[in-house]
Amino acid sequence: MMNCELLATCSALGYLEGDTYHKEPDCLESVKDLIRYLRHEDETRDVRQQLGAAQILQSDLLPILTQHRQDKPLFDAVIRLMVNLTQPALLCFGSLPKEPSFRHHFLQVLTYLQAYKVAFASEKAFGVLSETLYELLQLGWEERQEEDNLLIERILLLVRNILHVPADLDQEKKIDDDASVHDQLLWAIHLSGLDDLLLFLASSSAEQQWSLHVLEIVALMFRDQNPEQLARVGQGRLAQERSADVAELEVLRQREMAEKKTRALQRGNRHSRFGGSYIVQGLKSIGERDVIFHKGLHNLRNYSSDLGKQLQKVPKRRQAARELSMQRRSALNVRLFLRDFCSEFLENCYNRLMGSVKDHLLREKAQQHDETYYMWALAFFMAFNRAASFRPGLVSETLSVRTFHFIEQNLTNYYEMMLTDRKEAASWARRMHLALKAYQELLATVNEMDMSPDEAVRESSRIIKNNIFYVMEYRELFLALFRKFDERCQPRSFLRDLVETTHLFLKMLERFCRSRGNLVVQNKRKKRKKKKKVLDQAIVSGNVSSSPEELEAVWPTLAEQLQCYTQNPELSVDSVVPFDAASEVPVEEQRSEAMVRIQDCLLAGQAPQALTLLRSAREVWPEGDVFGCQDISPEEEIELLKQILSAPLPRQQGPEERGAEEEEEEEEEEEEEELQVVQVSEKEFNFLDYLKRFACSTVVRAYVLLLRSYQQNSAHTNHCIVKMLHRLAHDLKMEALLFQLSVFCLFNHLLSDPAAGAYKELVTFARYILAKFFALAAVNQKAFVELLFWKNTAVVREMTEGYGSLDDRSSRRRAPAWSPKEEARLRELYLAHKDVEGRDVVEVILGHLNTVPRTRKQIIHHLVQLGLADSVKDFQRKGTHIVLWTEDQELELQRLFEEFRDSDDVLGHIMKNITAKRSRARIVDKLLALGLVAERRELYKKRRKKLASSSLPSGAESLKDFCQEDLEEEENLPEEESEEEGEGGSEAEQVQGSSVLSAENLGQSLHQEGFSTPLLWLQNCLIRAADDREEDGCSQAVPLVPLTEENEEAMENEQFQQLLRKLGVRPPASGQETFWRIPAKLSPTQLRRVAASLSQPEEEQKLQPELRPEVPGEQDSDEEHRKEHRAQALRALLLARKKKAGLASPEEEDTVGKEQLKAAPKKRQLLDSDEEQEEDEGRNRAPELGAPGIQKKKRFQIEDDEDD
């Protein structure tokens, strides 16, 4: 029922008498009223529906448009009203409504729009629009008014709206080569000359503001067309097309014949009612009996347990996405017109229009999602150009690396939005399909350029491919799209285009790798860094001096103040409270905070407050002697404060800072925040390694899903599927990826297809996979069970190599499992020692849990898993245990040192036998303070060498240093691991010594055989690699590429290859690499040593006299120096005791000091930095002497456990 006011307004427009329309005097005001009514319509679009039901546009507006064009105000108002009425239904409702009532209104509006489209399919209406647009475009920019620009825009929008209306398939039911409503509309546009005006707008530089409107209209004109078929219109049918049609007809004929034969076999001789009943042995029914079959035997083959069952309805949210786009063949005259339009558009408009649209998109002058029209035009017109007469110059604007980047960026954005915006996932999937089509056409055009006879075109293609294959994002794009393919959002056509694009990309990449020999590509790796929870001292306090020199300068003043206050017995302790009683942290756990407060007082120059706080803390926390023992002397108290001043104490954030970061750290309570830093590097590309990335179940399932519709697929699509599956099964030897029951059912359907002869490639591949499966099943009977599951590469390897093979490989890295007995013992130890103060409960458990060797981390994590602890943070070491050495402990340390001083591991034996357990650093510092050792290196673990270095030449010494790389890595391991491997050390050293001698002999023999030039080239390569690694700061495997015939012959020589293996150069991987490679693990120092060892023997002999020969009595003199130093250490210890008791004389002090000064030059300095400086000086002196450097003595690092 039409609204009365709306009815009165429509009646005031005018009336149609025959072919003449008579307008009323209030016609203009009535049109404006209708515009006003449309502006205030409700959510159901009631005004729009009433005007559509009354056919106002067909009976009133179109006649006014065609017959009263001279009335400019009325014409402008009618154009405005028609633009509003023809708005797309999706734009009116915002989105496709889900409620039934709103869906009904949506479909009703869509029906009226389709009626408007039929009414516009006439030359008369488009002729008026074309003439008006032509007159407006004749005006120059200085003569054109704002109203003229608005009218131009409204005319273009009206044409856009009419072309945007979708076809009504139920009403039209048109076949190919028949004129549909859309074809009639296009023909009307052509007859009116509007297509020429569109070409003018696209090619004119003065009309760039309409470029997006023009591109949108052109995209809607060609939306149902196939560019390749359109390019071949009027050229006659090719032999290839005719053969394809014949093959298709042959397939249909074979299927029809098979169906006839089957129906003939189903006819029995007797009446069907007397067919009899049969028992199917071996096939159980619902009970325990066999199935009874009541039909003829000819129907037994079609028997299934699913017969008679009702099909389960698939929910809408799980249904596969429907195909929204369709392609049809228009009438011949329409196709000829469209072909000519495309040719002229490419000749005169494409580059200019696409450049203007790209500029609008980058400057954000366009509306949202307008880039989809850009990507459609790119894919369509480049495909038309490639199919018609390939001319790269016509599409040069979009044929660049920047276009690849633009398409890849939008494709990635659509992909991410599809995963996050689940409500609009289907819309994002359609946009992603457009971007994929554009990317596919770019690759196809570049591939076509490779076959061009023009050398410049082929060079441009090579440059584009080099840039595309180099960047990692272009290679990883297809993997991401396959892994996140969702058939609920993405239609089957998207999967088809994805498979074909991947096939083209892999083919181009494989051919490019073969032509280049080796390809260097970009590699990006995300390195995770853990954000520290403890802030730096300087950040927290602001006045903390982290420099030791500044602390040493501050200490004398503090020491004088402390000397005065320590003698004052009236110093009150009650005035200072070392803990915060109002804090939520228990008093027992505030010990570390009290230590920090003492350090802050010392840094602020408040010596009395620090001393008072220390004594108060000693009374609160007497256990563990963390703040000193109860009967501590004043001198020891001052020494303790000095240690507190220089100790690196952990500091926590203040309350204000914690309050500001509470929200950010809520998710980081259980684990530390991880920051990802992308490291960009380069590596040599290997095609098979890249292909292995596709060997996963998600990719294979996507290919199998598309293969199920092999009857509807084109021959090219089936070829792309089989080619990828063949790469995985044959090239990668992973045919077990296809050992799946659904795949075998598909193969069974394919092999039993009457038209299987038309799919020879598919049939051959299916038989190949089945033969591989039955060959494996003969060895592995569990393969039949594996058919039920999709498999990854690890399972495939276990199926082929044997179950448990992966467990054997990873058992070394996997922590041993906890037995119930061990868990009970762990629970007992934890409950017994968790409340003991001053002792680390985890260390106690480590000492008593001797069943299976465990680490601290494993024990902590298992305690959390058992529920005995809330978090891993409960076991963090708190505070710095600065405990003074008592006199008994010093005597025990001296006794242990004298007992184990001649052993190989002095420090290790002392730590195992000392009563008061302390860290390595504390014991080393005390040994140095007591004068028992002069430098840290005397406490390093000694290694006995079977092969004396004096028996080897200088080149062999350097080569031996390089070959002992494993031993050097072993020294960096914890001491316990090195002790376990100590038994096999002597054998390894013997083997390495023999390899050193054999490598030296090989080098000399190669020099004698005339390989001096290849050896010199190898030496230069090693030196160059060392220089590059020092400059870049990172190491990669460097290939040894011989560029001369002499070097190539040497690399093929077995003796030369044996030398390369002795030097540590890695041979090429079988079937994957071509050249030998310098491993990435070799440091620049090791590379230079190896390079120096390749010098000619004559030069080494010349340089040998310059080197200092070894003195036979050198070892004896070193032993004498060592004994003398021990005596000096004992005298220094005795002097320290006398000084403490007040019995030492100044003469004794001077004597001991002079002796220590004399002995000092004979030994190296105590600081590690000085040791490194001497090592650097030794390395710098080595090239001057012609030797590869002095071999460093091995040592173990002494780690400070508490500072960790």
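Me: A residue is buried under 20% relative accessible area, exposed over 50%, and partly exposed in between (1.4 Å probe, protein chains only). Why is Lys437 called partly exposed?

Reply: Lys437 has a relative accessible area of 35%. That value lies between 20% and 50%, so Lys437 counts as partly exposed. The model is a predicted one, in which local features need pLDDT of at least 70 and side-chain atom pairs pLDDT 80 or more, while totals for chains, interfaces and linings use all residues. Residues are numbered from 1 along each chain as its sequence is written, and side-chain values use heavy atoms, without hydrogens and water.

Me: What makes Lys437 and Asp497 a salt bridge?

Reply: The term requires a side-chain nitrogen of Lys or Arg within 4 Å of a carboxyl oxygen of Asp or Glu. The closest N and O atoms of Lys437 and Asp497 are 3.9 Å apart, so the pair qualifies. Lys437 belongs to helix H20 (residues 425–450) and Asp497 to helix H23 (residues 492–516), so named as DSSP runs (H or I, at least four residues, for helices; E, at least two, for strands) numbered from the N terminus. The pair thereby links distant parts of the chain, 60 residues apart.

Me: How do you know that Asp497 is buried?

Reply: The relative accessibility of Asp497 is 4%. This is under 20%, and therefore Asp497 is classed as buried.

Me: What makes Lys23 and Asp71 a tie between separate parts of the chain?

Reply: Lys23 and Asp71 form a salt bridge, with their closest N and O atoms 2.7 Å apart. Lys23 is in strand S2 (residues 20–23), and Asp71 is in the loop between helix H4 (56–67) and helix H5 (72–85), so the bridge joins parts that are 48 residues apart in sequence. Both partners are partly exposed, because Lys23 has a relative accessibility of 35% and Asp71 a relative accessible area of 24%. In total, the structure holds 33 salt bridges.

Me: Why is H4 called oblique to H5?

Reply: H4 and H5 pack at an angle of about 140 degrees, and their axes are 9 Å apart. Angles under 35 degrees count as roughly parallel, over 145 as roughly antiparallel, 65 to 115 as roughly perpendicular and the rest as oblique, so H4 is oblique to H5. The axes are lines fitted to C-alpha atoms over the stretch in contact, and the angles run from 0 to 180 degrees between N-to-C directions.

Me: How do you know that Arg615 and Glu637 form a salt bridge?

Reply: Their closest N and O atoms are 3.2 Å apart, which is within the 4 Å limit. Arg615 lies in helix H27 (residues 607–620) and Glu637 in helix H28 (residues 634–646), 22 residues apart. Arg615 and Glu637 are both buried.

Me: What makes helix H51 largely enclosed by the rest of the structure?

Reply: Helix H51 spans residues 1084–1093, and seven of its ten residues are buried, so the rest of the structure largely encloses this helix. Among the buried residues are Pro1084, Leu1087, Val1090 and Ala1091.

Me: Why is Arg496 called partly exposed?

Reply: Arg496, found in helix H23, has a relative accessibility of 32%, so it falls between the limits for buried and exposed. Arg496 and Asn718 are 222 residues apart in sequence, yet 9.6 Å apart in space, C-alpha to C-alpha.
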